[in-house]
Structures are given as C-alpha cells and as structure tokens.
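Work through the following exercises with the sequence and the model open beside you, and try each task before reading its solution.

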Amino acid sequence: MKWLLEVFVRSSSPYMDVTLAREMSLHIVCDPDTATRASELFSSKFKGRILPREDLTALEKVSQIAHKTNEQLKVYDVSSMTDKIRAMKRGIRKTPAAVINGEKYEGLEEILQAISNK
C-alpha cells in the first residue's frame with residue numbers, strides 16, 4: 001500500500017545574545033574588538049537551522065517509516081512563507097505535524113500513535 005507522507009516542522013536560526021555581546025564590549029577588561037570576535041565565534045558554531053527536539057523526533061520517526069516502506073517523504077519547514085501557507089491550507093496550526101494518507105496529526109504524541117497504528 002502506497003503512503004503519502006508529509007512532515008511539517010519549524011526551524012529557527014541560531015540565537016545569539018546581543019545583550020551579552022554589548023555587556024562584553026562595555027566591560028573594563030574586554031575591549032570592543034574582543035567582543036566582536038567573541039560574537040563571530042558564537043555565530044560560526046551554529047551555522048544552519050535548528051529544529052526543536054519534538055520536531056526532530058517526529059521527523060526521525062516518520063523518516064524511519066518512509067525508509068522501511070520505500071515511500072517518498074516530503075518535509076516542509078513552516079518557517080518559510082510558502083511552506084507556512086501550505087500548512088495553513090491543510091489546517092495545520094502547530095508543529096510537529098504529519099499528514100499520512102491525507103489524515104492530519106498534530107503533536108509528537110499523535111504522530112507516534114498514528115505511526116504505531118499503521
């Protein structure tokens with residue numbers, strides 16, 4: 001039986017505490033150049049996007065099912081406007097969410113329960 005597997009997740013950019021960088025630049029021992037170098041160091045560690053733990057777990061579980069059944073998996077990141085609109089059209093309001101054979105499941109618990117029942 002062919003499954004249609006879609007997963008909706010929300011990613012975010014790495015966070016850098018701007019207040020900390022400002023405080024570092026105002027500190028007596030820390031000159032502005034050191035603060036600038038420190039902020040560059042922090043941002044270079046976290047290149048790319050970060051998924052929340054629930055979204056990552058849901059994506060991994062649905063990916064495992066897709067791999068076992070040789071089904072195609074479509075992943076949408078609702079952080080982008082086009083994927084957010086796609087999610088809204090399907091009635092998805094929170095992540096993680098999955099659409100399996102046209103049925104919508106929101107939240108990690110619902111997704112895991114749906115996978116175990118299929």
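**Exercise 1.** Find which residue in β2 stands opposite E6, and then place the two strands within their sheet.

*Solution.* In this predicted model, E6 stands opposite K74 in β2. Widening the view from this pair, strand β1, which covers residues 5-9, is joined to β2 by five bridges, and the two strands run parallel. The sheet as a whole is open and has four strands in the order β2-β1-β3-β4, with mixed pairing. Its edge strands are β2 (73-77) and β4 (103-106), each of which pairs on one side only. From one strand to the next, the twist averages 15 degrees.

**Exercise 2.** Determine which strands helix α5 lies across, and which residues I111 is in contact with beyond its neighbours within four places in sequence.

*Solution.* Start with the helix: α5, residues 108-117, lies across β3 (97-100) and β4, and runs at about 135 degrees to β4. Then turn to I111, which, once its neighbours within four places in sequence are left aside, is in contact with A58, V62, P96, A97, A98 and Y105.

**Exercise 3.** Identify the residues that touch the most other members of the largest nonpolar core, and the element that gives the most to this core.

*Solution.* The largest nonpolar core has 15 residues, of which L5, V7, V62, I100, Y105, I111 and I115 touch the most other members. Sorting by element, β1, α3 (53-69), β3 and α5 each give two or more residues to this core, and α3 gives the most, with five residues. A second, separate core has seven residues, including Y76, V78, I92 and V99.

Terms used. Residues numbered from 1 in each chain as written. Predicted model: local features only at pLDDT ≥ 70, side-chain atom pairs only at ≥ 80, totals over all residues. Heavy atoms only, no water. Pairing = 2+ DSSP bridges. Axes fitted to C-alpha atoms, helices over the stretch in contact; angles between N-to-C directions. Contact = heavy atoms within 4.5 Å. Core = buried A, V, L, I, M, F, W, Y, C linked by side-chain atoms within 4.5 Å. Buried < 20%, exposed > 50% of the residue type's maximum accessible area, 1.4 Å probe, protein only.
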